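Dear colleague,

I am passing on the structure below, and after it you will find my notes on what was found. Please read them with the model open beside you.

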Amino acid sequence: MRRIPHPVEGGLLILLSCFFYACTSVLVKFLPEAADGCFISFIRFVIGAALSLAALTAFRRPLKIRDPLPWAMRGVFGAASMVCAYLAIRMTSSGRAILLSDTYPVFVVLFGALFFGRKMRLGMLVPLFICFGGVILVLFDATGYPLEGNLLGLASGVFGGLAVHFVKLSLERNSVYVVYLS
């Protein structure tokens with residue numbers, strides 16, 4: 001029987017995840033120029049894959065992919081999001097790139113309504129407009145960062161929004177460790 005974690009335990013794990021993600025976002029700025037977004041994403045995947053495979057072994061879970069299309073799409077959009085975010089960090093700043101990348105919840109809501117049959121409630125419209133207003137302010141704040149870097153950060157959010165939907169679909173039939181491996 002599958003153990004459901006206590007909400008406090010889940011919250012602490014989310015905070016720990018955010019801490020590691022923030023460290024990655026800051027440290028990537030200090031890498032040599034030769035380390036591009038694809039390489040950084042690959043290294044991050046290799047480390048995560050090793051940890052996921054170790055968890056599958058430790059918990060004696062099979063490495064079985066059920067319903068491969070959402071699983072593969074999660075991998076494609078998740079990887080595209082990461083690569084765009086790391087490229088945006090290199091072209092702008094880590095704070096700016098992550099801010100634009102973290103617009104993904106806006107795209108989760110939009111794509112959910114447009115492509116995944118989710119309902120958009122009226123209460124979602126005001127936060128969406130506020131977020132879009134914030135994106136406009138960041139994109140056109142006259143700081144001198146290249147527009148391409150800003151658009152890559154925003155593309156990271158778009159791809160991340162799609163990836164979230166495929167994570168949900170993939171988790172319906174796969175373990176979290178198998179979903180990560182996508």
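From the N terminus on, the elements run α-α-α-α-α-α-α-α, which comes to eight helices and zero strands (DSSP runs, H or I of at least four residues for helices and E of at least two for strands, numbered from the N terminus). The radius of gyration, taken over C-alpha atoms, is 17 Å, close to the 16 Å of the globule rule (2.2 Å times the number of residues to the power 0.38), so the chain is as compact as a globular protein of 182 residues.

This is a predicted model, in which local features need pLDDT of at least 70 and side-chain atom pairs count only at pLDDT 80 or more, while totals for chains, interfaces and linings use all residues. Residues are numbered from 1 along each chain as its sequence is written, and side-chain values use heavy atoms, with hydrogens and water left out.

Along its principal axes the C-alpha trace spans about 55 × 45 × 35 Å. Among contacts (heavy atoms within 4.5 Å) between residues at least 6 apart in sequence, 83% join residues at least 24 apart.

Of the 182 residues, 33% count as buried (under 20% relative accessible area, with exposed over 50% and partly exposed in between; 1.4 Å probe, protein chains only). F39, which lies in helix α2 (residues 37-58), is partly exposed because its relative accessible area is 46%.

Best regards
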